[in-house]
Amino acid sequence: MAILASGSGSNAANFMVYFRNHPRISVSLVVSNNASAYVLERACKEGIPTAVLPGPAWEEPRQVLSLFDRYGITAVVLAGYMRLLPPYFINKYPDRIFNIHPALLPGFGGKGMYGMHVHRTVIAAGEKQSGITIHLVNERYDQGPILFQATVEVEPGDTPETLAAKVQKLEHKHYPKTIETHLLNNPNHTPA
Ligand code: GRF
């Protein structure tokens, strides 16, 4: 798989460790749109190849796809990736691109709903629960089929920061495992 991330990449790092000695699945490439993203350092330390593809680079489908082909990529995991993927890329990996959202979709998703904005909005709405949603990626924000959800309680006194910490724990616990199960149950994919 390839991991796409824009920032610190704690989920990406968690995948690198989880799949380090996996017999069937490996993290073979880490891509960021942002050359100074810390996730790139984390990948280098693990000995995983990296690439930086800023926005304009995605306008060259042949070059982008040949990069992913070079590393034998058949699945793509988004881990805090802040850009929409172009249709040619989504079409290349049907049902093989995954995202995690730090709330319970279909609520609290869509454009502008990322990072602390999500947790602030959940608390302001007086929600008793929040959680994580792992889903397939299509061309619309946060609207692909849901593969897995898990919940946390929003307790009185929770701040966006404390809620974010609880949600992140869930992300680390479930994201790699969910993708592993999905890939092992849906093998033999040859990219288009
Ligand atoms: C996570 O909260 C994830 O749900 C969202 O982006 C965040 C990435 O965090 N899609 P990190 O960079 O993996 O720490």
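This note comments on the aromatic pairs, the largest pocket and the ligand surroundings of a predicted model.

1. Aromatic pairs. How many aromatic pairs does a search of the whole structure find? The search finds eight. In one of them, the ring centres of Tyr18 and Phe19 are 4.9 Å apart and the ring planes stand at 70 degrees, so this pair is edge-to-face; an angle over 60 degrees is required for that label.

2. Exposure of Tyr18 and Phe19. Are these two residues buried, or partly exposed? Tyr18 has a relative accessible area of 33% and is partly exposed. Phe19, with a relative accessibility of 2%, counts as buried; the cut-off for buried is under 20%.

3. The pair of Trp58 and Phe68. These two residues also form an aromatic pair, with 6.4 Å from centre to centre and 45 degrees between the planes, and the pair is tilted. Trp58 belongs to the loop between β3 (50-52) and α3 (61-70), while Phe68 is in helix α3, so the pair ties together parts that are 10 residues apart in sequence. Trp58 and Phe68 are both buried.

4. An aromatic cluster. Which residues form one aromatic cluster with Trp58 and Phe68? They are Tyr81, Phe89 and Tyr93.

5. The largest pocket. The volume of the largest pocket is about 920 Å³. Its lining consists of 37 residues, and those closest to the pocket centre are Gly80, Tyr81, Met82, Ile100 and Tyr114. Tyr81 is thus named both here and in the aromatic cluster.

6. Make-up of the lining. Elements that each supply at least two residues of the lining of the largest pocket include α1 (10-18), β5 (97-101), α5 (115-124) and α6 (160-185). The largest share, five residues, comes from α6. By residue class, the lining of this pocket divides into 17 nonpolar, 15 polar and five charged residues.

7. Surroundings of the ligand. Which residues surround the ligand? They are Gly9, Ser10, Asn11, Gly80, Ile100, His101, Pro102, Gln168 and Glu171. Gly80 and Ile100 also appear among the residues closest to the centre of the largest pocket.

8. Distances to ligand oxygen atoms. A polar backbone atom of Gly9 is 2.9 Å from an oxygen atom of the ligand. For Asn11, a backbone N or O atom lies 2.8 Å from an oxygen atom of the ligand. In Glu171, an N or O atom of the side chain is 2.4 Å from an oxygen atom of the ligand.

Note on methods: Residues are numbered from 1 along each chain as its sequence is written. This is a predicted model: local features need pLDDT of at least 70, side-chain atom pairs count only at pLDDT 80 or more; totals for chains, interfaces and linings use all residues. Side-chain values use heavy atoms; hydrogens and water are left out. Rings of Phe, Tyr and Trp (its six-membered ring) pair if their centres lie within 6.5 Å; planes under 30 degrees apart count as stacked, over 60 as edge-to-face and the rest as tilted. Buried means under 20% relative accessible area, exposed over 50%, partly exposed in between (1.4 Å probe, protein chains only). Helices (H or I, at least four residues) and strands (E, at least two) are DSSP runs, numbered from the N terminus. On a 1 Å grid over the protein atoms alone, a cavity is a set of points where a 1.4 Å probe fits but cannot get out, and a pocket is an open set with protein on both sides within 12 Å along at least five of seven lines; lining residues have an atom within 4 Å of a point. Grid points are joined across faces, edges and corners, and a volume is the space filled by probe spheres set on the points. Ala, Val, Leu, Ile, Met, Phe, Trp, Tyr, Cys and Pro count as nonpolar, Asp, Glu, Lys and Arg as charged, and the others, Gly among them, as polar. A residue is near a molecule or strand if one of its heavy atoms lies within 4 Å of it. A polar contact is a pair of N or O atoms within 3.5 Å; within protein, one must be able to donate a hydrogen and the other to accept it, and residues adjacent in sequence count only if both atoms are side-chain atoms.
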